[in-house]
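Let's take a friendly walk through a protein model together. Have the sequence and the 3D view ready, and follow along one stop at a time.

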Amino acid sequence: MNPEAGSGITARRVGKISGKLSSEGISHRTAVAGSPEELVDISSLAHSDGFSGIILCGGDGTVSSAVSGLIHGKTTIPVTVIPEGSGNDWARSLGILSISDTIRVIGSGAPVMMDAAQCIVRDASGSNIRSRIVANSAGMGLDAHVLERSLGLRQRRGMGRLGYISSLLASVTSMPTWEGGLEMDGEPVFDGAYFSLTCGVGPFSGGGMMLSPSASPFDDYLDAAVVRPVSRMNLLRSLPMIYSGRLLEHPAVSSWRGREMVLRSYGDLKVEIDGEPVRDLPAGSTLIIRSMPGAFPALRLHGIGAED
C-alpha cells in the first residue's frame, strides 16, 4: 500500500480496505511502503516470501514502482490493484474501477501478460542520466507541465483530479510549446514544435484522458501521438476529443506505432512517467523508450485483453 496515494486518503482507509478483503475471504498481509524504493523491494521479494499474488493499493505511481520490482525481480506471481490514486489509468485499462472490481478479478479473473517499457534519458553528451520502467504512459510537453502544476495544487489544497483539470485549463491559457525530433523504430517521423507528445503502453493518462487512444498494454507495441501547436480556441474546442478517444481525428495530431521511440529535445524537456514528474532534466536531453512485451503478469477481468 502507498499511504501517499489519493492525496493521502489511502492511508486513512487502510483498515477499512483490509477488512473488506478479509470479509470476502481473501487472505492477505498488509505492507505499507514508506517510499517508492521500498515498494520496489517489497514487490521484487513477494514471490520468494511465499505470496501467490500482489494486491496493490494506490494509483499509477504505486503501480509503476511495483512493476519495476516485479520486472527486476523476475517475479512470476500476478499483480492487481485497488484503485485508490488520483488517476488510476493503469487500472482503467484492465477494467478495474473500484475495490469491487478488484475483488471480482481476484476471485474469477484470468492471468494476462502485460507490456511495459524502459525509459532512458541521456544528456547532450550521450551519457545515461536516468532510467525508469514505464508501466502505463510517458508524457512530454503539456502532460508533464500540467502534472507539475496539479501536484502543487494537490499539496496546497488537497485537489486531486479537479486539480489536474484546473491546471490543464490554465496551461491552455499560456499555450507553452516545446521542440524536438522524433524517431520511431529508427525512422524520423516528426521534427519541430509540439504542444504534447505521449508514448503509451496503455491508452489512458491524467485520470481518463486518452492521449494515445490506439495504445494497448497487450499488443507488444508503443503508440506515440504528437499534438502540434494550434490556436487557443481550437484547442479548447478540441478538449472533449481527449476524453472520447477521438483525438487522432484532429488534423493537428499524428500518431505512430513501434517498438522504440526516440525524442531528441532542442531545448527544455518536460517529462512525466506514470503520473510522476521526471525533474531537472538538462536542456538538449534525449529520451529513449523501448517496449518490453509481456513483461509481467497481472489479473484481468474476462473480456479485457487477449483471451486465453
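By about how much of a helix are aspartate 89 and arginine 92 separated in helix 4? Keep in mind as you look that this is a predicted model. Helix 4 covers residues 89-93, and the two residues are three apart in it, which means that about one helical turn separates them.

Now look at their side chains. Aspartate 89 and arginine 92 form a salt bridge, and their closest N and O atoms are 2.8 Å apart. Side chains of opposite charge can pair when their charged atoms come close. The two partners differ in their surroundings: aspartate 89 is buried, with a relative accessible area of 2%, whereas arginine 92 is partly exposed at 25%. A residue counts as buried when its relative accessible area is under 20%.

How many salt bridges does the structure hold? There are seven, so let's visit two others that involve strand 11. In one of them, arginine 264 meets glutamate 183, with 2.8 Å from N to O. This pair links distant parts of the chain: arginine 264 sits in strand 11 (residues 260-265) and glutamate 183 in strand 6 (residues 178-184), 81 residues apart. Arginine 264 is partly exposed, with a relative accessible area of 38%.

Stay with strand 11 and find glutamate 260, which forms a salt bridge with arginine 290. Here the closest N and O atoms are 2.6 Å apart. Because glutamate 260 lies in strand 11 and arginine 290 in strand 14 (residues 286-300), the pair ties together parts that are 30 residues apart in sequence. Glutamate 260 is partly exposed at 24% relative accessibility, and arginine 290 is partly exposed too, with a relative accessible area of 30%.

For the last stop, turn to a pair of helices. Helix 2 (residues 36-45) and helix 3 (residues 60-72) have axes that come within 7 Å and cross at roughly 45°. That angle makes helix 2 oblique to helix 3. The crossing of these helices is right-handed.

Which residues of helix 2 and helix 3 meet? From helix 2 come Pro36, Leu39, Val40, Ser43 and Ser44, while helix 3 brings Thr62, Ser65, Ala66, Ser68, Gly69 and Leu70. The residues of this contact divide into five nonpolar and six polar, with no charged ones. Compare that with the salt bridge in helix 4, where aspartate 89 pairs with arginine 92.

Terms used: Residues numbered from 1 in each chain as written. Predicted model: local features only at pLDDT ≥ 70, side-chain atom pairs only at ≥ 80, totals over all residues. Heavy atoms only, no water. Axes fitted to C-alpha atoms, helices over the stretch in contact; angles between N-to-C directions. Helix = DSSP H or I, 4+ residues; strand = E, 2+ residues; numbered from the N terminus. Parallel < 35°, antiparallel > 145°, perpendicular 65-115°, else oblique. Left-handed = near helix turned anticlockwise from the far one by under 90°. Contact = heavy atoms within 4.5 Å. Nonpolar A, V, L, I, M, F, W, Y, C, P; charged D, E, K, R; others polar. Salt bridge = Lys/Arg side-chain N within 4 Å of Asp/Glu carboxyl O. Buried < 20%, exposed > 50% of the residue type's maximum accessible area, 1.4 Å probe, protein only.
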